[in-house]
There are 2 protein chains.
Amino acid sequence: MATKWGILSTSKISHDFVLALETLSAEDHKVVAVAAKDKSRAKDFADNFKIPSYYGSYEELGNDANVDVVYIGALNHQHYSLTKLMLESGKHVLCEKPFCINAKQLDELIKLSKTKQLFLMEAMWSRFTPAYQKVVEEVQNGTIGTVLHVQANLGIQISNIERIWKKEVGGGSILDLGVYTLHLIDTILGPGKPVSVKSKGTLNRYGTDENMSAILEYPEGKIAVISSHTKVEMDNSAYIHGTKGTIKIHQPFHASKEVTVNNTKFTFEQPVTRKPTVFPRSVQLRYEIDHVRHCLKKDLIESPVVTLNNSYTIQEIMDQLRNQIGVHFVEDNDSSM
Amino acid sequence: MATKWGILSTSKISHDFVLALETLSAEDHKVVAVAAKDKSRAKDFADNFKIPSYYGSYEELGNDANVDVVYIGALNHQHYSLTKLMLESGKHVLCEKPFCINAKQLDELIKLSKTKQLFLMEAMWSRFTPAYQKVVEEVQNGTIGTVLHVQANLGIQISNIERIWKKEVGGGSILDLGVYTLHLIDTILGPGKPVSVKSKGTLNRYGTDENMSAILEYPEGKIAVISSHTKVEMDNSAYIHGTKGTIKIHQPFHASKEVTVNNTKFTFEQPVTRKPTVFPRSVQLRYEIDHVRHCLKKDLIESPVVTLNNSYTIQEIMDQLRNQIGVHFVEDNDSSM
């Protein structure tokens, strides 16, 4: 029986999510409903993707008994409240990255998912791609010896996009781009918090971070060096340096289709979506979508690949980075929840 | 008339230096003497390169009236005392990198060179290579807009080499490898000290740094991220990210022969030395050698490309990095000079 998806918000990433879902078997995955604050936008989205139900409120989606699991593709600052609403409505949830604005919010959601015994996962699609699977396999096999240094950059010129610079929607390079570098590091050097974090970033006039660079130290002198940037296009390859060699994840590392292990290059071709995606390589969202189905079929309430602890650790590091750089959200105030 | 060189120490880098010098016109450059503590080693070196004079003491080289300028290719901890000896003997000096163990030593040498009105320069060969010339030209032309981020790694597996781990000879990744990354940053974002420096490194059991990573902030939110490593071979390309594009200096960036400006690759072929050099790409030492001649012909006591201020700034940053990481040399004690 197909996994029945509800789509929350008609954002660009929701658009790409459904296109990626369509590349999977229709017997396994069905989008059965979509909700937006503006009902006409929900209708347009539903028409575009032939989705049977559409709603002009999120509550209605939560009340749709036909929906198994909700994908939340709304803006960063809405992730906490919408995930909470969906869990309270009895829905499993796959929530876009960054999971929450801060660790405090995520802690609430994790507790709620456990109380409700509902599946909850951060939509960190990179960790399910064939490229990442290859990297993990090679690192575990010891192909490059002991990993001592990981480097990842994600710099994309998006500082002119409102959601990136606006504080009230959870903007900044860390939450939008840095989160990918942190998930890579957690994949290779984690799980668990780094021993130390040293960072530097530049604030824009709205008080969010235009860029961030950080050195994270893990046990045994292992080092990760990351940068996120919204004003320059960087070389977004990632490098994993070990005592016996190097793995390069070709750019953009978070959605790569090429991995070079020492001098051997591996290419992973992906299916093509029926229409172009808004963001490059979004077709790779399909791997996390299929993973969610497998988790639900096993009655898991947590993914074994992107665990809630993985996400919580990363949320804590992002709090630490923001604190060092001086990015403060209203959600960080004690009275905000 | 040819510039008459004296070579101080018969080290591997001195060997490469003379091979690189031989690729220049013999009418412009002549090696007229070599000195080593062990006279037989000086003789072998002189025989190998057909050098007319050889000495078993450095003082004798200083007293050789035929020598215009001395190249110091000795171990790091000897740079200060030998440069001092040569300046006091009235010789111009080109001293291998890192110039000194700390800024205090270099300050002494700079003062002495000014008192004596003798030429003094750190042998930072990278800054004279065609690749660097191209990079500087493109950055100055604004090809990649405003530079906001520079990244450079130099990771080479050399932690088993005595001079790298031994404290008493000025070992560690910062002085041997990190110095190159700092000169690149100074070339692009300098001159002048960074606003802030945040670093992390791992010490070996001898108390020198096996590796270092640092974030250096320059005015106007410009960021440099560097790593040096002695236990892993890194991707040693360097990237200069600007608002209108990227310059990649292909690995190894400190002795590169390829530069990609946005999507256009430029290759700089070099002459071939008559015998293989010990270190890869050492033929490029020829550019700094020729630069010294041009400075001497103009009676300069300081290079306009690698100024004494450039070197002093970098020496100060290295002191700062060592201090943060916990590498302390006996030369750092007040009573050491």
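A residue counts as buried when its relative accessible area is under 20%, and as exposed when that value is over 50%. With that in hand, welcome to a few close-up views of this predicted model.

**Figure 1. Trp125 and Tyr180 of chain A meet as an aromatic pair.** Both W125(A) and Y180(A) are buried. Their ring centres are 6.4 Å apart and the planes stand at 75° to each other, an edge-to-face arrangement. W125(A) belongs to the loop between β6 (120-122) and α6 (130-140) of chain A, while Y180(A) is part of helix α8 (residues 173-189), so the pair ties together parts that are 55 residues apart in sequence. If you would like to look for others, the whole structure holds 10 aromatic pairs over all chains.

**Figure 2. Chain B has an aromatic pair made by W125(B) and Y180(B).** Here the ring centres lie 6.4 Å apart with the planes at 75°, so this pair is edge-to-face. The two residues link distant parts of the chain: W125(B) sits in the loop between β6 (120-123) and α6 (130-141) of chain B, and Y180(B) in helix α8 (residues 173-189), 55 residues apart. Both W125(B) and Y180(B) are buried.

**Figure 3. Aromatic rings also appear in a cluster and beneath lysine charges.** In chain A, look for W5(A), F17(A) and Y71(A), which form one aromatic cluster. In chain B, K134(B) places its charged end over the ring of F266(B), 3.9 Å from the ring centre. The charged end of K275(B) sits over the ring of F49(B), with 5.8 Å to the centre.

**Figure 4. Helices α1 and α2 of chain A cross in a right-handed way.** The contact involves S14(A), H15(A), V18(A) and L19(A) from α1(A), together with F45(A), N48(A) and F49(A) from α2(A). Two packed helices are described by the angle between their axes and the distance between the axes. For α1 (residues 12-21) and α2 (residues 39-49) of chain A, the axes come within 11 Å and cross at roughly 20°. Angles under 35 degrees count as roughly parallel, and α1(A) and α2(A) are therefore roughly parallel to each other.

**Figure 5. Glu233 of chain B touches residues of both chains.** Find E233(B) in the loop between β10 (222-229) and β11 (238-242) of chain B. With a relative accessible area of 39%, E233(B) is partly exposed. Leaving aside residues up to four places away in sequence, E233(B) touches H241(A) and T246(A) as well as G155(B), I156(B) and Q157(B). The C-alpha atoms of E233(B) and L154(B) are 8.1 Å apart, although 79 residues separate the two along the chain.

**Figure 6. A cis peptide bond precedes Pro98 in chain A, and another precedes Pro98 in chain B.** The bond from K97(A) to P98(A) is cis, with omega near -15°; P98(A) lies in the loop between β5 (92-95) and α5 (103-116) of chain A. In chain B, the bond from K97(B) to P98(B) is cis too, with omega near -15°, and P98(B) is in the loop between β5 (92-96) and α5 (103-116).

**Figure 7. Lys50 has a positive phi in chain A and in chain B.** Phi of K50(A) is near 55°, although this residue is not a glycine. K50(A) occupies the loop between α2 and β3 (53-55) of chain A, and its relative accessibility of 74% makes K50(A) exposed. K50(B) has a phi of about 55°, and K50(B) is exposed at a relative accessible area of 74%.

Definitions and conventions. Residues numbered from 1 in each chain as written. Chains lettered and ligands numbered in written order. Predicted model: local features only at pLDDT ≥ 70, side-chain atom pairs only at ≥ 80, totals over all residues. Heavy atoms only, no water. Phe/Tyr/Trp six-rings, centres within 6.5 Å; stacked < 30°, edge-to-face > 60°. Helix = DSSP H or I, 4+ residues; strand = E, 2+ residues; numbered from the N terminus. Buried < 20%, exposed > 50% of the residue type's maximum accessible area, 1.4 Å probe, protein only. Lys NZ or Arg CZ within 6 Å of the ring centre and 35° of its normal. Axes fitted to C-alpha atoms, helices over the stretch in contact; angles between N-to-C directions. Parallel < 35°, antiparallel > 145°, perpendicular 65-115°, else oblique. Left-handed = near helix turned anticlockwise from the far one by under 90°. Contact = heavy atoms within 4.5 Å.
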